[in-house]
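Visitor: I am new to reading protein structures, and I would like a close look at a single part. Could you pick one strand and walk me through its surroundings?

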Amino acid sequence: MSHPLLPGVLELVQRAGEAILPFWRQGVDVIEKADASPVTAADLAAHGILAEGLLALEPGIPVLSEEDADIALSERAGWSRWWLVDPLDGTKEFIADSEEFTVNVALIERGEVVFGVVGIPATGVIYHGGRAFGAWRIEPGKQPQAIAMRDASAAGLTVVASRRHGSVEQEQLLAALVARFGDVERVSVGSSLKFCQLAEGSADFYPRLAPTSQWDTAAAQGVLEGAGGVVLTLQGEPLRYEPRESLLNPFFLALPANAEWRELIVEEARALG
C-alpha cells in the first residue's frame, strides 16, 4: 500500500538532490541567516524545485520550508494538512564536503506525519515511509527494499548521535545509559540520516537533547515510524507537529516502539529534562 502523492514526491526529492550536486565540493559561498544557521545556493536551488513542485502536485496543500518559514501562526493555524520541507538538511555537512546531507519532505495531517521522504543526493539513495505504509530504501537502479528496526536488548545498545550538535544533557544521558545498561556503542552521523540508520536496523536509539526544528525531523520520523519506531518527547508522548508559534521541537528520543527498555530510557531522559 502506498500514498497517492508519494510517487510525485519521490520524483521531486530526486530532482532537488540533482540540483544540489553541482554545488557540492565546489567551495560554495555561505550566507548566515538571522538565526546564525548557514544557507547556500544549493539550499535555495533545492527549495525552488520543491516549493514549486509540491504546489503543482497538489495545489490545496501549503508548503512550510526552512527557506520560506516566515508564515504567521494566524495563517498556519488554519492548516489541517501541509508539507514540511528541509531542502538541504545538514548544510554544515554539505559545506564540509561530507556525504551526510539530505533532502527532507513530509506530509503532515493534524499534527501527525502521514509519510516522509529522505533523499541522499551524494549516493542517490532515497528512504520513504509512514506508519500506515511501512518503510523502504531505494537504491539507484534497484527495486525498493523494505526496511525495519532491529530487536535489541538493553545490553549492547548502539546509540546514534549528532556529529555537530551535542549538549551537556545529551552527554549526561549517554553516561547514565552506560551506568545502567553497560556497554553502549556510539556512532556519530549528520543530518536526518540518524533516523534512517535506526529505521534500517544499523542502530537502536537516537536521543536528541539539543535544539532541532520541525523540518529537521518530520520526514525521517515518517520513515522511522514506518519501520516500527517511535519518536517520543521526554514526557513519553509522541513528537507532533501542530501549528504553533515556535517551529522548534522539544527534546526527543527515537527508538523501537516495542523495545523492552523503552520505559527505562524515558525515565533516565526525563530525570535530565
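Guide: Happily! Let us look at strand S7. Val125, Tyr127 and Gly129 point one way from S7, while Ile126, His128 and Gly130 point the other way, and all are buried. That pattern fits a general rule. In a regular strand, side chains alternate between the two faces of the sheet. Please keep in mind that this is a predicted model.

How many residues of strand S7 are buried? Six of the six, across residues 125-130, so S7 is largely enclosed by the rest of the structure.

Now for the partners. On one side in the pairing, strand S6, residues 112-120, joins S7 in the antiparallel sense over five bridges. Within this pairing, Val118 stands opposite Tyr127 of S7. S6 and S7 make a hairpin with four residues between the strands, and there Gly124 takes a positive phi near 80°.

S7 also pairs with strand S8, residues 134-138. These two run antiparallel, joined by five bridges. Here you can look for Gly129, whose bridge partner in S8 is Ala135. S7 and S8 form a hairpin too, with three residues between them.

Which residues lie nearest the centre of the second largest pocket? They are Leu10, Gln14, Gly124, Val125 and Ile126, out of 15 residues that line this pocket. So we meet Val125 and Ile126 of our strand again, together with Gly124 from the hairpin.The elements that give two or more residues to the lining are helix H1, residues 6-20, along with S6 and S7. H1 gives the most, with six residues. By type, the lining of this pocket divides into nine nonpolar, four polar and two charged residues, and the pocket has a volume of about 280 Å³.

To finish, here are some places that a database record picks out. An unreviewed UniProt entry lists Glu66, Leu88, Asp89, Gly90, Thr91 and Asp216 under "binding site". They span 151 residues in sequence, yet no two of their C-alpha atoms are more than 12.1 Å apart, so they gather at one spot. In the unreviewed entry, a "binding site" annotation also covers Asp86, Asp89 and Asp216. Those are spread over 131 residues of sequence, but they cluster in space, with a largest C-alpha distance of 6.6 Å.

Where do some of these listed residues sit? Glu66 lies in the loop between strand S3 (63-65) and helix H3 (73-76). With a relative accessibility of 18%, Glu66 counts as buried, since the cut-off for that word is under 20%. Leu88 belongs to strand S4, residues 81-89, and is buried with a relative accessible area of 1%. Not counting residues up to four places away in sequence, Leu88 touches Ile20, Ala42, Asp43, Glu66, Phe94, Phe101 and Thr102. Glu66, from the UniProt list, is thus one of the residues that Leu88 touches.

Asp89 is in strand S4 as well, and is buried with a relative accessible area of 7%. Leaving aside neighbours within four places in sequence, Asp89 is in contact with Glu100, Phe101, Thr102, Asn104, Ser191, Ser192 and Asp216. Among these contacts, Asp216 appears beside Asp89 in the UniProt annotation.

Notes: Residues numbered from 1 in each chain as written. Predicted model: local features only at pLDDT ≥ 70, side-chain atom pairs only at ≥ 80, totals over all residues. Heavy atoms only, no water. Buried < 20%, exposed > 50% of the residue type's maximum accessible area, 1.4 Å probe, protein only. Pairing = 2+ DSSP bridges. UniProt positions renumbered as here; feature names shortened; annotations may be inferred. Contact = heavy atoms within 4.5 Å. 1 Å grid on protein atoms, 1.4 Å probe; cavity = no way out; pocket = protein on both sides within 12 Å on 5 of 7 lines; lining within 4 Å. Points joined across faces, edges and corners; volume = space filled by probe spheres on them. Nonpolar A, V, L, I, M, F, W, Y, C, P; charged D, E, K, R; others polar.
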